[in-house]
Amino acid sequence: MANETLYEMIGGAPVLRRVVEAFYPRVKQNPLIGPLFPENIDPVMDRQYKFLTQFFGGPSLYSDEYGHPMMRARHLPFPITRERADAWLSCMAGALTEVGIEEPLRTFVLERLSGPAYHFVNTPS
Ligand code: HEM
């Protein structure tokens with residue numbers, strides 16, 4: 001247990017896949033962040049699945065394919081305000097609940113993601 005990665009604690013590939021599939025419909029419907037994303041969300045979902053796999057301690061799927069993540073830099077083309085970071089995290093909170101990830105793991109995952117989310121803020125509100 002103590003040596004388990006977050007990836008394993010969540011339930012590995014099948015559960016992470018479901019989280020990503022529950023997350024993007026929420027993102028698309030969110031008026032603050034939905035319009036930033038392309039019509040065809042499938043490639044974004046695939047890259048997010050690969051990124052979160054390695055971010056949570058699973059296999060390095062994202063870097064193997066795309067190199068160094070440089071995630072803040074990859075987000076610079078998009079005007080990310082604090083409110084948009086809040087909206088992103090709230091979509092993720094909903095997705096985790098939908099998939100059945102229970103406390104205290106749910107809050108732990110959200111705390112792990114809130115660091116990068118606020119770090120990606122690049123535009124004043
Ligand atoms: C803070 C609020 C955030 C907003 C508004 C946001 C928005 C976006 C947008 C618009 C894209 C580009 C979609 C496209 O390809 O056209 C994107 C890509 C991506 N985002 Fe975010 N994002 C946020 C936070 C995060 C966080 C916290 C993570 C993970 C820790 C993350 C991971 C990714 C990944 C992996 C991609 C795909 C990168 C690639 O193109 O290879 N994002 N995001």
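F37 sits in the loop that links α2 to α3. In this predicted model, F37 has 14 C-beta neighbours inside 10 Å, so it counts as partly exposed. Leaving aside residues up to four places away in sequence, F37 touches V27, K28 and V44. If you look back along the chain to P25, twelve residues away, the C-alpha atoms of F37 and P25 turn out to be separated by 11 Å.

Stay in that loop for a moment. P31 also lies between α2 and α3, and P31 counts as exposed because it has 7 C-beta neighbours inside 10 Å. Pick L110 as a distant reference point: P31 and L110 are 79 residues apart in sequence and 21 Å apart in space, going C-alpha to C-alpha. N40 is another resident of the loop between α2 and α3. With 8 C-beta neighbours inside 10 Å, N40 counts as exposed too. From N40 to A95 you travel 55 residues along the chain, and the C-alpha atoms of the two are separated by 20 Å.

Now for the helices on either side of this loop. α2 covers residues 12-29 and α3 covers residues 42-55, and the two pack at an angle of about 135° with their axes 10 Å apart. How do α2 and α3 lie relative to each other? An angle over 145 degrees would count as roughly antiparallel, and about 135° falls short of that, so α2 and α3 are oblique to each other. The crossing where α2 passes α3 is right-handed. On the α2 side, L16, R17, V20 and Y24 make the contact, and they meet M45, Q48, Y49, L52 and T53 of α3. Sorted by class, the residues of this contact are six nonpolar, two polar and one charged.

α2 has a second partner to look at, namely α6. The axes of α2 and α6 (residues 82-99) come within 8 Å and cross at roughly 135°. That makes α2 oblique to α6. The α2 and α6 crossing is right-handed. From α2 come V15, R18, V19, A22, F23, R26 and V27, while α6 brings C91, M92, G94, A95, L96, E98 and V99. Count up the classes in the contact of α2 with α6 and you get ten nonpolar, one polar and three charged residues. V27 has already come up, by the way, as one of the residues that F37 touches.

Follow α6 onward and you reach α7 (105-119). α6 and α7 pack at an angle of about 155°, with their axes 10 Å apart, which makes α6 roughly antiparallel to α7. Here too the crossing is right-handed. In α6, the residues A85, W88, L89, M92, A93, L96 and T97 meet R106, V109, L110, L113, S114, A117 and Y118 of α7. That contact has eleven nonpolar, two polar and one charged residues.

What about the loop between α6 and α7? P104 has its place there, and the peptide bond from E103 to P104 is cis, with omega near 5°. Another backbone detail turns up at M70, which is not a glycine but has a positive phi of about 40°. M70 lies in the loop between α4 (61-66) and α5. Since M70 has 10 C-beta neighbours inside 10 Å, it counts as exposed.

That leaves the ligand. Which residues come nearest to the ligand? Of the 22 residues around it, L36, F51, A85, W88 and A117 do. Among these, A85, W88 and A117 are familiar from the contact between α6 and α7. The elements that give two or more residues to the shell are α3, α5 (71-75), α6 and α7. Which element supplies the largest share of the shell? It is α3, with five residues. As for chemistry, the shell around the ligand divides into 17 nonpolar, two polar and three charged residues.

Note on methods
Residues numbered from 1 in each chain as written. Predicted model: local features only at pLDDT ≥ 70, side-chain atom pairs only at ≥ 80, totals over all residues. Axes fitted to C-alpha atoms, helices over the stretch in contact; angles between N-to-C directions. Helix = DSSP H or I, 4+ residues; strand = E, 2+ residues; numbered from the N terminus. Parallel < 35°, antiparallel > 145°, perpendicular 65-115°, else oblique. Left-handed = near helix turned anticlockwise from the far one by under 90°. Contact = placed C-beta atoms within 7 Å. Nonpolar A, V, L, I, M, F, W, Y, C, P; charged D, E, K, R; others polar. Near = placed C-beta within 6 Å. Buried ≥ 20, exposed ≤ 12 C-beta atoms within 10 Å, placed from the backbone.
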